[in-house]
Amino acid sequence: MSQKLFRVFLLSIAVSQLTTVFAQPDRWQQRIKYNINVAVDVATNRFKGTEKLEYTNNSPDTLDKVYFHLYWNAFQPGSSMDVRSRELGKIQIAEPLRNSDGLDWDARVKDRISKLTPDQIGYQRVSSIRIAGVEQQLKEHETILEVILSKPILPKSKVQMDVVFEAQVPLQIRRSGRDNAEGIRYSMSQWYPKMVEYDYQGWNANPYIAREFYGVWGDFDVNITIDKSYMVTAGGDLMNANEVGFGYQAPGTVVKPATGNTLTWKWQAYNVHDFMWAADPSYKMITRAVKDGPLIRVVYKAVDSLENRWQKMADTAALAYPIIAKTFGAYPYKTYTFIQGGDGGMEYPMGTLLKSASVGTAIHEWMHSWYQMMMGSNESLYPWMDEGFTDYASTRVLATLRNSKDFWYTGSYRGYFALAKSGYEEPASTHADHYNTNYAYASASYSKGALFLSQLGYIVSDSVRDKILLAYYNQWRFKHPNPNDFVRVAEKQSGMELDWFKEYWINSTKTIDYGVGDIAVKEGKTMITIRRIGKMPMPVDVLLTFKDGSKELHYIPLNLMYGEKPAEDATPRTVHEEWKWTHPEYSFATSRGIQEIRSIEIDPSQRLADVNRINNKLVIPD
């Protein structure tokens, strides 16, 4: 397929499928095209570059200013990121909730920024931005560049910008940088002046203090000129593979030696909201072709003793893709690259940086292609929609690969229970940058976010939840969905009202706690009372197991749902009248006698995030 035809094909995935097959959400969004050229000096770890931007203002608003992210300015002593990390490092978090030293800072950052020397710091400096030849007024706010426009950008109009910038690559501390612990020369994320997203809530000019990202959907054409001994890899597609070689060239192609000291690598990534690359002289590459899926590339530093681990990771990713596509939707780009680099695992469009050949980390980061890279939610406002959904998805994929018979989400539940009992919990709706502790942010985003989907299965049934996930993918990819958008998809698929679930679980710290109450005989029937002890109401499954081995499932819907879930297995089920959320107790009857009952158990599936499961089951002795 020619590059021109492929470009049309890729755009059709992002536009045509959505508009012709699924109802399109009525929400405007901005659009951008980047044409970036950089020349890297590997001796000084600096580069100069230019950006030619085409920015489309699809909003109904007139823009008098625009903003850019200058992420690397965070890697300087005294920066907001530096001070924030050191301040959090003063907070003592009880073991085993946090780091081995019991302090709340990010162990990768700690006070390292404060110790950087002038040749180790990072910076991004924009010397000029011109529109129609007119230089614009610039005002730097550390990691945010404010551009005061000489002429407003009108609604439904386009503008061309010419940006001239230079940068110094920071010593690797967090996500991006040079010379990381594994010896990778360059992990190049957050490396260019990146346009801040303007959406229906206005500008999202969040200073960089180590949290997540939000960007404008766009197309990237990036030319990277670097020492010819360096292999470059990226989250994108290489346009001049037969010129640069390094294993990218087509089979049988004879690559001509570089005539000078440098090579220029030409990359493209279309319909994405960021672009990441990496470079090292000792990189090697493994590829795996996946039927009806992307070409998988694994790029890593050549160490013979680790070769088998990277091979295994590549094999596992190829095996995982059919599971991912069936459960969460197809991957729409033609390549995906796992790259050794960075400080752990960090996701970007069409690729990820990985510290090591950890299969679990690799699958987690790849699942971010669904929950962030394709959805593009505002991670600062809704980190649980990114990390939580990804944690749920990667756990499910890995458990399916391993054919695990255990309950898959035990780790997520354990993490949430620890948070809920710690005294540090804040609502999951807290802005990611403004949590009081790193611990609360991480646990709310990952564990509590994952439980949002696990408990959604409890509320609507796992089978309906799975339909919701695919409907969400089909309707909202490439559209920056927010929590209400997801809830509306869930409501339409389930036929229930579910806003209450989001309000309690995300916007509050109220907990779930149900217990088995009194048992009595009334009018010849056994009456069982269930008590709601916690402040968050939920529907309730109660399993009665009898001494003869038979079972009854009693299902009590919550009145706020205005509906009921379908039966999930063959156990005989009785659907009772709804439980009013205002009432702390609920009683139901069984025709079996008390003497016949072996046990009464609330939520035998263990999906209910009940913070005190001790009172969930009553075993009646003989």
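# Exercises on a predicted model

In strand E5, Val134 is the bridge partner of Ile131. The model used throughout these exercises is predicted.

## Exercise 1: the edges of a sheet

Task: Work out which strands stand at the edges of the open sheet that contains E5, and what follows for their sides.

Solution.
- Step 1. Begin with the pairing around E5. Strand E4 (residues 123-131) is joined to E5 by 2 bridges, and the two run antiparallel.
- Step 2. Write down the strand order. The open sheet has 8 strands, arranged E5-E4-E8-E2-E1-E14-E17-E16, and the pairing is mixed.
- Step 3. Read off the ends. Strand E5 (134-135) and strand E16 (237-238) are the edge strands; each has a single partner strand, so one side of each has no neighbour in the sheet.

## Exercise 2: a pair of rings

Task: Classify the ring pair Phe47 and Phe165 from the distance of the centres and the angle of the planes.

Solution.
- Step 1. Recall what describes such a pair: the distance of the centres and the angle of the planes.
- Step 2. Count the pairs in the model. There are 55 aromatic pairs.
- Step 3. Take the values for this pair. The ring centres of Phe47 and Phe165 are 6.3 Å apart and the planes stand at 85°, so the pair is edge-to-face. The cut-offs needed here are centres within 6.5 Å and planes over 60 degrees apart.
- Step 4. Place the residues. Phe47 belongs to strand E2 (residues 46-57) and Phe165 to strand E8 (residues 157-168), so the pair ties together parts 118 residues apart in sequence.
- Step 5. Add the surroundings. Phe47 and Phe165 are both buried. They belong to one aromatic cluster, whose members include Trp72, Trp191 and Phe275.

## Exercise 3: salt bridges and accessibility

Task: For the salt bridge of Lys158 and Glu54, decide whether each residue is buried or exposed.

Solution.
- Step 1. Identify the contact. Lys158 and Glu54 form a salt bridge through their side chains, at 3.9 Å from N to O. The cut-off for such a contact is 4 Å.
- Step 2. Locate the partners. Lys158 is in strand E8 and Glu54 is in strand E2, 104 residues apart, and the pair links distant parts of the chain.
- Step 3. Apply the accessibility limits, under 20% for buried and over 50% for exposed. Lys158 has a relative accessible area of 57%, so Lys158 is exposed. Glu54 has 18% relative accessibility, so Glu54 counts as buried.
- Step 4. Repeat with a second pair. Asp179 and Arg178 form a salt bridge with their closest N and O atoms 2.7 Å apart. Asp179, at 28% relative accessibility, counts as partly exposed, and Arg178, at 9%, counts as buried.
- Step 5. Repeat with a third pair. The side chains of Lys90 and Glu87 form a salt bridge at 2.8 Å, N to O. Lys90 is exposed at 60% relative accessible area, and Glu87 is partly exposed at 42%.

## Exercise 4: helix H10

Task: Check the length of helix H10 (residues 438-460) against the expected span.

Solution.
- Step 1. Compute the expectation. At 1.5 Å a residue, the 23 residues of H10 should span 33 Å.
- Step 2. Compare. The end C-alpha atoms of H10 are 32 Å apart, which agrees.
- Step 3. Look for a bend. H10 has a kink of about 30°, centred on Ala444.
- Step 4. Assess burial. Of the 23 residues of H10, 21 are buried, so the rest of the structure largely encloses the helix.
- Step 5. Look past the end. Ser461, just after H10, has a positive phi of about 95°.
- Step 6. Note a contact in the helix range. Lys565 lies over the face of Tyr458, 4.5 Å from the ring centre. Lys565 is also part of a salt-bridge network whose members include Arg396, Asp462 and Glu568.

## Exercise 5: positive phi in turns and loops

Task: Where do Asp292, Met350 and Gln606 lie?

Solution.
- Step 1. Take Asp292. Strand E19 (residues 283-289) and strand E20 (residues 295-301) run antiparallel, joined by 7 bridges. Ile286 faces Val298 in E20. The two strands make a hairpin with 5 residues between them, and Asp292 in the turn has a positive phi of about 60°.
- Step 2. Take Met350. This residue is in the loop between strand E22 (345-348) and strand E23 (351-354). Met350 is not a glycine, yet its phi is positive, about 65°. At 2% relative accessibility, Met350 counts as buried.
- Step 3. Take Gln606. This residue is in the loop between strand E30 (597-602) and strand E31 (617-619). The phi of Gln606 is near 65°. At 28% relative accessibility, Gln606 counts as partly exposed.

Methods:
Residues are numbered from 1 along each chain as its sequence is written. This is a predicted model: local features need pLDDT of at least 70, side-chain atom pairs count only at pLDDT 80 or more; totals for chains, interfaces and linings use all residues. Side-chain values use heavy atoms; hydrogens and water are left out. Helices (H or I, at least four residues) and strands (E, at least two) are DSSP runs, numbered from the N terminus. The expected span of a helix is 1.5 Å times one less than its number of residues. The bend at a residue is the angle between axes fitted to the seven residues ending there and the seven starting there. Buried means under 20% relative accessible area, exposed over 50%, partly exposed in between (1.4 Å probe, protein chains only). Two strands pair if DSSP finds at least two bridges between them. Rings of Phe, Tyr and Trp (its six-membered ring) pair if their centres lie within 6.5 Å; planes under 30 degrees apart count as stacked, over 60 as edge-to-face and the rest as tilted. A charge sits over a ring if NZ of Lys or CZ of Arg is within 6 Å of the ring centre and within 35 degrees of the ring normal.
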